[in-house]
Amino acid sequence: MKKNIAIIMGGYSSEYQISLKSGNVVFETLDFSKYNAYRVHIFKDKWVYVDENDAEFPIDKNNFSVNINNESITFDCVFNAIHGSPGEDGFMQAYFELLGIPHSSCPMYQAAVTFNKRDCLSILKPYGIKTAESYYLNLGDAINENSIIEKVGLPCFVKANKAGSSFGVTKVHKKEDLQNAIDIAFKEDDEIIIEQFLDGTEVSVGVITYKGETKVLPITEIVSENDFFDYEAKYLGKSQEITPARLSEEQEEKVNIVAKKVYETLKMTGFSRSEYIFKDGDPHLLEVNTVPGLTKESILPQQAAEDGISLADLFDNAIQEALK
């Protein structure tokens with residue numbers, strides 16, 4: 001019997017267009033001899049199944065089913081391709097876990113924790129995971145520029161705490177630019193993280209559960225033409241992504257150990273991609289993404305390909321792991 005797979009894509013955040021691309025790549029890549037694949041768009045104003053003619057059929061949120069020509073379709077598994085909210089922050093995970101429907105991403109708690117950069121870094125610090133110095137602000141907090149700069153130095157990064165794809169991120173070089181950067185970040189989120197600038201090699205590390213084992217994929221080095229790896233660098237070709245990264249054996253071993261430790265400490269499953277910067281020879285964790293980009297150009301698929309894992313195999317494995 002072919003399994004019915006819902007590929008959820010879209011979402012409520014600024015990243016929805018990237019998510020639609022990822023979801024469509026999954027749809028086009030899945031083995032149709034094994035799976036009936038259904039594209040499901042999740043937006044604030046509608047949850048719909050979209051057929052090959054772009055006709056839309058509403059999803060029944062009571063049991064996540066869809067009625068097509070008087071036939072009710074339910075799903076054996078959900079492939080999650082939503083970057084940002086509600087696919088990467090725990091909401092969809094909680095919903096599917098309540099309904100008892102297997103899904104390809106990590107569990108609800110892991111999604112919520114990793115989506116919150118501050119909480120994620122706080123949990124990992126006691127396990128010896130190195131991170132940049134940081135300063136936290138909530139909307140409405142008094143802003144003391146001197147104490148911020150005293151803690152994190154200049155230049156520094158001002159980031160929205162719970163947003164992906166480098167939205168709401170500014171690199172600040174001068175004290176007088178700090179307030180504007182804070183305003184930009186608060187447009188994306190009501191919590192901010194201000195981090196020390198680490199000047200070193202930046203790498204991105206994919207870790208997945210592959211055939212029942214934690215697998216660290218080949219490492220990608222990020223070389224941005226812009227001042228940092230921002231949205232333009234990420235999606236508009238203003239960066240070089242070099243896989244495998246140009247690291248010494250010692251650096252590679254260190255980052256592999258840390259990336260695996262982060263994945264296992266957080267009790268992750270499914271896909272993850274974490275970003276590190278080397279400072280004084282040691283990888284410092286910036287953040288963990290649990291629904292990384294899945295287009296052919298995206299970093300995690302590039303890493304899988306370098307390891308000899310095709311897109312079809314990568315996606316098939318994610319579904320098989322979810323169905324276990």
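Which residues in H1 meet which residues in H10?

**Entry 1, ground rules.** I am working from a predicted model, in which local features need pLDDT of at least 70, side-chain atom pairs count only at pLDDT 80 or more, and totals for chains, interfaces and linings use all residues. Residues are numbered from 1 along each chain as its sequence is written, and side-chain values use heavy atoms, with hydrogens and water left out.

**Entry 2, H1 and H10.** I looked up the contact (heavy atoms within 4.5 Å) and found Val25, Val26 and Thr29 of H1 meeting Leu311, Ala312 and Phe315 of H10. I noted 5 nonpolar residues, 1 polar and no charged in this contact; Ala, Val, Leu, Ile, Met, Phe, Trp, Tyr, Cys and Pro count as nonpolar, Asp, Glu, Lys and Arg as charged, and the others, Gly among them, as polar. H1 (residues 16-29) and H10 (residues 311-323) pack at about 95 degrees, their axes 9 Å apart. The two are therefore roughly perpendicular (65 to 115 degrees). Axes are lines fitted to C-alpha atoms, for helices over the stretch in contact, and angles run from 0 to 180 degrees between N-to-C directions. Helices are DSSP runs of H or I with at least four residues, strands runs of E with at least two, numbered from the N terminus.

**Entry 3, H8.** I checked which H8 residues are buried (under 20% relative accessible area, 1.4 Å probe, protein chains only): Val255, Val258, Ala259, Val262 and Tyr263. They line one face of the helix, because they fall within an arc of 135 degrees seen down its axis, taken from the directions from the axis to the C-beta atoms. On the other side of H8, Glu249, Glu250 and Ile257 are exposed (over 50%). The cover over the buried residues of H8 includes helix H4 (117-124) and strand E12 (202-210). Just after H8, I found Lys267 with a positive phi of about 55 degrees.

Methods:
Angles under 35 degrees count as roughly parallel, over 145 as roughly antiparallel, 65 to 115 as roughly perpendicular and the rest as oblique.
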